[in-house]
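Let's take a walk through this model, helix by helix, and end up at a pocket. Have the structure open and turn it as you read.

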Amino acid sequence: MSNLNFKIMPAGQISTAFLERNISDFQQACRFVRELPYRRNSNKDNLMTVFSEECGTCGTKHALLKQLADENEMAGLKLLAGLFRMNATNTPQVSETLFAHKIEYVPEAHCYLRFDGEIIDCTKTTAFNFVDDLIEEIEISPDQVAAYKVAYQKAYLEKWLLQNTEIKFTLDEFWAIREQCIMDISMK
């Protein structure tokens, strides 16, 4: 975990929501977010649902933390979407789905933070090593964790499927397999 820390000021809606929960600094906020269950929010465009639904995904959890940093004028913290090879080794929960479809891996978009070159991943309490399987990463803003992230991943998958002709799935079929993998992660 990064040494990044700052005192949370009542500087905006996200900051106030943390303070109302007696969370007064960034390290405490990271712990709070990390301990929330991994589950999709009903409205990924409204980061307050992480609080009201007491859950989140890599996208909503890290967008919330990035927004907190922005409200508190903490420069240098980046929100990233990285494509990595999600496989049975780095994400064991998806092994059955990958095996059933005879797929070695799914290029998956994962959101996380980066500060001073160090990755901060508050998705779950148990860390997983996706860095060794990272394909590419781009910096995004908190409002891009929903539609933009999906479009980014689908555009990559479309090119990837054309280059990997041994994989005989359409984009929609492959996306459905990927969705099953996400459900596998959410349930375990």
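What follows covers three helix pairs and then the largest pocket.

First, some housekeeping: this is a predicted model, where local features need pLDDT of at least 70, side-chain atom pairs count only at pLDDT 80 or more, and totals for chains, interfaces and linings use all residues. Residues are numbered from 1 along each chain as its sequence is written, and side-chain values use heavy atoms, with hydrogens and water left out.

Start with helix 4 (58-71); helices here are DSSP runs (H or I, at least four residues), strands are E runs of at least two, and both are numbered from the N terminus. Helix 1 (residues 13-20) packs on helix 4 at about 105°, with the axes 8 Å apart; axes are lines fitted to C-alpha atoms, for helices over the stretch in contact, and angles run from 0 to 180 degrees between N-to-C directions. That makes helix 1 roughly perpendicular to helix 4 (the label covers 65 to 115 degrees; under 35 is roughly parallel, over 145 roughly antiparallel and the rest oblique). Gln 13, Ile 14, Ser 15 and Phe 18 of helix 1 touch helix 4 residues including Leu 64 and Leu 68, where contact means heavy atoms within 4.5 Å.

Helix 2 (residues 26-35) also meets helix 4: their axes come within 10 Å and cross at roughly 165°, which makes the two roughly antiparallel. On the helix 2 side you'll find Phe 26, Ala 29, Cys 30, Val 33 and Arg 34, facing Lys 61, Leu 64, Leu 65 and Leu 68 in helix 4. That contact has 7 nonpolar, no polar and 2 charged residues (Ala, Val, Leu, Ile, Met, Phe, Trp, Tyr, Cys and Pro are nonpolar; Asp, Glu, Lys and Arg charged; the others, Gly among them, polar).

Now swing over to helix 6 and helix 7, which pack at about 120° with axes 10 Å apart, so helix 6 is oblique to helix 7. Among the residues in this contact are Trp 160 from helix 6 and Trp 175 from helix 7.

Finally, the largest pocket holds about 440 Å³ of space. Its lining has 30 residues, with Tyr 38, Cys 58, Glu 108, Ile 182 and Ile 185 the closest to the centre. A pocket is an open set of points on a 1 Å grid over the protein atoms alone where a 1.4 Å probe fits, with protein on both sides within 12 Å along at least five of seven lines; lining residues have an atom within 4 Å of a point. Helix 7 gives the largest share of the lining, 5 residues.

Key
Points joined across faces, edges and corners; volume = space filled by probe spheres on them.
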